[in-house]
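Thanks for coming, everyone. Let me put the model on the screen and walk you through it.

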There are 2 protein chains.
Amino acid sequence: MTITAVPADELPLRERKKLRTRRALVDAALELFTERGFEETTLDDLCAAVEVSKRTFFRNFGSKEDVALTPSQDMWAAFLDELERCEPGSGRPVIELAQDCLLVAVGRMTGDGWARQVRLGERLAARIPSVGAYGLHFCDRTTREALAILRRRFDLGDADDLRARLVLDMLIAAWHAALESWTSMPGEPGAADLAARLREAFAAIPGCLTLTAAPRDAPASP
Amino acid sequence: MTITAVPADELPLRERKKLRTRRALVDAALELFTERGFEETTLDDLCAAVEVSKRTFFRNFGSKEDVALTPSQDMWAAFLDELERCEPGSGRPVIELAQDCLLVAVGRMTGDGWARQVRLGERLAARIPSVGAYGLHFCDRTTREALAILRRRFDLGDADDLRARLVLDMLIAAWHAALESWTSMPGEPGAADLAARLREAFAAIPGCLTLTAAPRDAPASP
DNA sequence: AGGCAAATGCCACTGAGTGGCATAGTGAGT
DNA sequence: ACTCACTATGCCACTCAGTGGCATTTGCCT
């Protein structure tokens, strides 16, 4: 399912073959979209480059946008997986629990080109509206799944208590902030750099509620 | 520009005509999408119903998804407008400032069918992935514009300080939470009900950072 | 009245995404 | 080794969103 998972040479031949074409499609797609442009690259171009029929492409990916964000989506799958297995310290805030799971998920992304491909994908998301929209929608779905997992495993109060949902949305907000500064870093930052940015963003959450707006040309708030 | 603004009979005839077709397209679109289904309604159907060419549709709206969320987008335009004119009390948290602007913007939506059309649009966003994705992307763009306005008008600290961005994302999170419970309310709730839900969501923000996850079948956190 | 600019309609076209059906390669049972 | 079932794939035709170009109308201004 996830292309960054270990190839697991134990897998049946058929599965390995399918994974190979999946991987080839992602690689070629990110390369072509980045070099030649997203709109300028047709699916026929992509399929020709990988020597695969368009029908096969759509059996592996839901849309043209989907393939560009596959590496990011793999990380979110790991995040949900982590949520399923994590153990809450007693009295531990949910936000910390979720932050830990996200950091572990990022740490699990040890694939070779993962960081580079995520950066390429997110840059596309920033420039191409349809890709950005797809990414946001995927994040939203994942958030809902995460909430469902947490509610199933733990007692988070009434279902109409908005706090649990808000917590996860804050996590996502921090994620996006961290991701954006990470993708614009010079050089070739890796997963560890992303984790560092994430920690910074998490640290900024509590203080943001008290941020004040000083009129321009006046001393900033303490 | 916005279809919910007062008709302003003083407008040049040409503008009034354009507004009429815009309004007719939105009305017909929401009706058709809701009754017959989004995918099942082609743009040709819609244009035939309004007796307008497809070319004209695309001069008024950017996409099929766009027309469904026009009423919501009008509110966000009012929000940005409000951000431009608001005055910050000294030492007032940015989050409160933004919350007030959002409530004022909702209060400004006095058009007849506004609440109903927003509900129809958001229900489509919840059911149809492409509509949901478009809505999220629009929200994201609006958030960035709001941040730019605030940074231009007020001193919010360094540009790489993430707090200002996180504040706005929290506002959006509260908005979505409120909107969702509002759209699923029984009866025909109006803008005032939405404002009430918004206030509830705003109130839930501070407490969510301390929400704890109790193991199932154990007493909930205090 | 007459001319300008904007809005519209019509037409042809590209490209994403889907359904149906025939085929080939794979895994399992004998 | 042989066969049977399964699944992925390729190919073909199709729908529909969205775009560009050009001729035509329509409100607007002098």
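Which residues of helix 6 of chain B meet which residues of helix 10 of chain B? Before the reply, some ground rules. This is a predicted model, where local features need pLDDT of at least 70, side-chain atom pairs count only at pLDDT 80 or more, and totals for chains, interfaces and linings use all residues. Residues are numbered from 1 along each chain as its sequence is written, chains are lettered from A and ligands numbered from 1 in the order written, and side-chain values use heavy atoms, with hydrogens and water left out.

Now the reply. From helix 6 of chain B come I95(B), Q99(B), L102(B), L103(B) and V106(B). Helix 10 of chain B brings A191(B), L194(B), A195(B), L198(B), R199(B), F202(B) and I205(B). Contact here means heavy atoms within 4.5 Å. Helices are DSSP runs of H or I with at least four residues, strands are E runs of at least two, and both are numbered from the N terminus. By class, this contact has 10 nonpolar residues, 1 polar and 1 charged. Nonpolar covers Ala, Val, Leu, Ile, Met, Phe, Trp, Tyr, Cys and Pro; charged covers Asp, Glu, Lys and Arg; the others, Gly among them, are polar.

Next, the geometry of that pair. Helix 6 spans residues 94–108 of chain B, and helix 10 spans residues 191–208 of chain B. Their axes come within 10 Å and cross at roughly 170°. Axes are lines fitted to C-alpha atoms, for helices over the stretch in contact, with angles from 0 to 180 degrees between N-to-C directions. So helix 6 of chain B is roughly antiparallel to helix 10 of chain B. Angles over 145 degrees count as roughly antiparallel, under 35 as roughly parallel, 65 to 115 as roughly perpendicular, and the rest as oblique.

A second pair, also in chain B. Helix 7 (residues 114–127) and helix 8 (residues 129–153) of chain B have axes that come within 5 Å and cross at roughly 115°. Helix 7 of chain B and helix 8 of chain B are therefore roughly perpendicular. G121(B), L124(B), A125(B) and R127(B) of helix 7 of chain B make the contact with P129(B), V131(B) and G132(B) of helix 8 of chain B. That set divides into 4 nonpolar, 2 polar and 1 charged.

On to the DNA. Around DNA strand C there are 20 residues, and L13(A), R14(A), R55(A), T56(B) and R59(B) come nearest. Near means a heavy atom within 4 Å. Of the strand C atoms within 4 Å of the protein, 58% belong to sugar or phosphate and the rest to bases. An N or O atom in the side chain of R55(A) is 2.9 Å from a base nitrogen of strand C. For K54(A), the side-chain value to a base nitrogen is 3.4 Å. Both are polar contacts, pairs of N or O atoms within 3.5 Å.

And DNA strand D? What surrounds it, and which residues are closest? There are 21 residues, and the closest are S53(A), T56(A), R59(A), L13(B) and R55(B). A polar side-chain atom of R55(B) lies 2.9 Å from a base nitrogen of strand D. For R14(B), that distance is 3.0 Å. K64(B) uses a backbone N or O atom, 2.9 Å from a phosphate oxygen of strand D. By class, the surface near strand D has 5 nonpolar, 6 polar and 10 charged residues.

Key:
A polar contact is a pair of N or O atoms within 3.5 Å; within protein, one must be able to donate a hydrogen and the other to accept it, and residues adjacent in sequence count only if both atoms are side-chain atoms.
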